[in-house]
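Biologist: Could you take me through the ligand site in close-up? Which residues are around the ligand?

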Amino acid sequence: MKFFLDTANLDEIRDAASFGVLDGVTTNPSLVSKEGEQKGFKDLVREICEIVKGPVSAEVLSTDIERMIDEARDLAEIHEHVVVKMPMTEDGIKATKIVSDEGINVNVTLIFSPSQALVAAKAGAAYVSPFVGRLDDISEFGMEMVGDIVQIFDNYNIKTEVLVASVRHPLHVVEAAKMGADIATMPYKVFKQLLKHPLTDIGLEKFLADWGKGK
Ligand code: E4P
């Protein structure tokens, strides 16, 4: 299973990349605007690509097909690792089909149902991003949607990767892995939580204390 970081913060990305287990990054307009205006959007995306050396999702801001296509082509020019994020709208799907046919990798975002994921895959998306946390927030089972998408893609040998998004805690990642999802994109905090267990810390402390006693 691949780990992506869901952030546009360069310090977080550098730190996560230093573990050697980071496969990619996803950004969205909210995450980018949180980082302020110190760097232009394109420079920021380029720098993330250079740190991660793997797929980096950058989202279009237009909502009409012509401008989405122009933006997608523009974003894809930034770096070979750029994946263009398109929203799951009618124009987003039409634009996905056109730019995917040109060889641009597209991540269809804001997916909240298996039917949306299936349409996005048929349009040629390289990735679909089902948002689990936001479904949980409205008392629906986000992970059930992921299980359904994985099963449907398996049934038809669909190559589109299932990129579990809106991850809120380590159990979302574990559940996604059990279901066979290809990728989980997670906030930095969740990435760090994956490594932790209190018994590991207690165990190490005891090993070191016992070693000291023997000296
Ligand atoms: C995915 O690519 C999105 O950026 C992200 O996972 C959204 O997460 P949120 O629901 O925590 O905003």
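Modeller: Sure, here's a walk around that one site. Keep in mind that this is a predicted model, where local features need pLDDT of at least 70, side-chain atom pairs count only at pLDDT 80 or more, and totals for chains, interfaces and linings use all residues. Numbering starts from 1 along each chain as its sequence is written, and side-chain values use heavy atoms, leaving out hydrogens and water.

Around the ligand you'll find Asp-6, Thr-26, Asn-28, Lys-85, Phe-131, Arg-134, Ala-165, Ser-166 and Arg-168, each with a heavy atom within 4 Å of it. Sorted by class, that shell has 4 charged, 3 polar and 2 nonpolar residues. Asp and Lys, for example, go down as charged, and Phe and Ala as nonpolar.

Now for the polar contacts, meaning pairs of N or O atoms within 3.5 Å. Asp-6 puts a polar side-chain atom 2.7 Å from an oxygen atom of the ligand. Arg-134 also has a polar side-chain atom 2.7 Å from a ligand oxygen, while for Arg-168 the distance from such an atom to a ligand oxygen is 3.0 Å. On its own, the ligand would expose 340 Å², and the protein buries 85% of that (Shrake-Rupley areas, 1.4 Å probe).

As for the space the ligand takes up, that's the largest pocket. A pocket here is an open set of points on a 1 Å grid over the protein atoms alone, where a 1.4 Å probe fits, with protein on both sides within 12 Å along at least five of seven lines. To sit in one, a molecule needs more than half of its atoms within 2 Å of the grid points.

Key: Polar contact = N/O pair within 3.5 Å; in protein donor to acceptor, adjacent residues only side chain to side chain. 1 Å grid on protein atoms, 1.4 Å probe; cavity = no way out; pocket = protein on both sides within 12 Å on 5 of 7 lines; lining within 4 Å.
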